[in-house]
Amino acid sequence: QVQLVESGGGLVQAGGSLRLSCAASGRTFSSHAMGWFRQAPGKEREFVSCISWSGGYTNYANSVKGRVTISRDNAKNTVYLQMNSLKPEDTAVYYCAADSGHGSSWFTPISPALYDYWGQGTQVTVSS
């Protein structure tokens, strides 16, 4: 079992930055690919970014590519999402997720169906 707790959300002006953190419990964090998803009101949950369990492979949605960086610290059981040049359309609840822990070192899943564990979410609001 993996329990995930996100933090770092808040209200920021357009053009600003935020760093989201996701702290994981359990001894198996380093074997899980980790992802960030977001859901805006009235919209479906969408993929933002993910990182392999090895940390050597990442994937980004086109909408955030070049503005967002995902990273992980397996010693701290934490995954981060650095978001720069934020836009009002980035406003959403951001969720951290962990996959089953059985993937290859390059595995970077983008479908929410491939994730088994989810955090409660953290609100990000970008004002214009």
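## A salt bridge to start with

Asp90 and Arg38 form a salt bridge, and their closest N and O atoms are 2.9 Å apart. Asp90 sits in the loop between β8 and β9 (92-99), while Arg38 belongs to strand β4 (residues 34-39), so this pair ties together parts that are 52 residues apart in sequence. Are these two residues buried or exposed? Both Asp90 and Arg38 are buried. Please keep in mind, as you look around, that this is a predicted model.

## The partners of Asp90 and Arg38

Asp90 also forms a salt bridge with Arg67, and here the closest N and O atoms are 2.7 Å apart. This pair, too, links distant parts of the chain: Asp90 is in the loop between β8 and β9, and Arg67 is in the loop between β6 (58-60) and β7, 23 residues apart. Like Asp90, Arg67 is buried.

Now turn to Arg38 again. Arg38 forms a salt bridge with Glu46, with the closest N and O atoms 2.5 Å apart. The two residues can be compared by their relative accessibility. Arg38 has a value of 6%, and because buried means under 20%, Arg38 counts as buried. Glu46 has a value of 34% and counts as partly exposed, because that term covers the range between under 20% and over 50%.

## Putting the network together

How many salt bridges does a search of the whole structure find? The search finds three. Arg38, Glu46, Arg67 and Asp90 are linked by salt bridges in a network. To trace this network in the 3D view, you can begin at Glu46 and step to Arg38, go on from Arg38 to Asp90, and finish by stepping from Asp90 to Arg67.

## The four-stranded sheet

Let us move on to the strands. An open sheet is formed by four strands, in the order β1-β3-β8-β7, and their pairing is antiparallel. Why do β1 (4-7) and β7 (68-73) each have one side without a neighbour in the sheet? Both stand at the edges and each has a single partner strand, so one side of each is left without a neighbour there. From one strand to the next, the twist averages 15°.

Within this sheet, strand β3 (residues 18-24) and strand β8 (residues 78-83) run antiparallel and are joined by six bridges. For a place to look, try Arg19: its bridge partner in β8 is Gln82.

Technical notes: Residues are numbered from 1 along each chain as its sequence is written. This is a predicted model: local features need pLDDT of at least 70, side-chain atom pairs count only at pLDDT 80 or more; totals for chains, interfaces and linings use all residues. Side-chain values use heavy atoms; hydrogens and water are left out. Two strands pair if DSSP finds at least two bridges between them. Helices (H or I, at least four residues) and strands (E, at least two) are DSSP runs, numbered from the N terminus. Axes are lines fitted to C-alpha atoms, for helices over the stretch in contact, and angles run from 0 to 180 degrees between N-to-C directions. A salt bridge is a side-chain nitrogen of Lys or Arg within 4 Å of a carboxyl oxygen of Asp or Glu. Buried means under 20% relative accessible area, exposed over 50%, partly exposed in between (1.4 Å probe, protein chains only).
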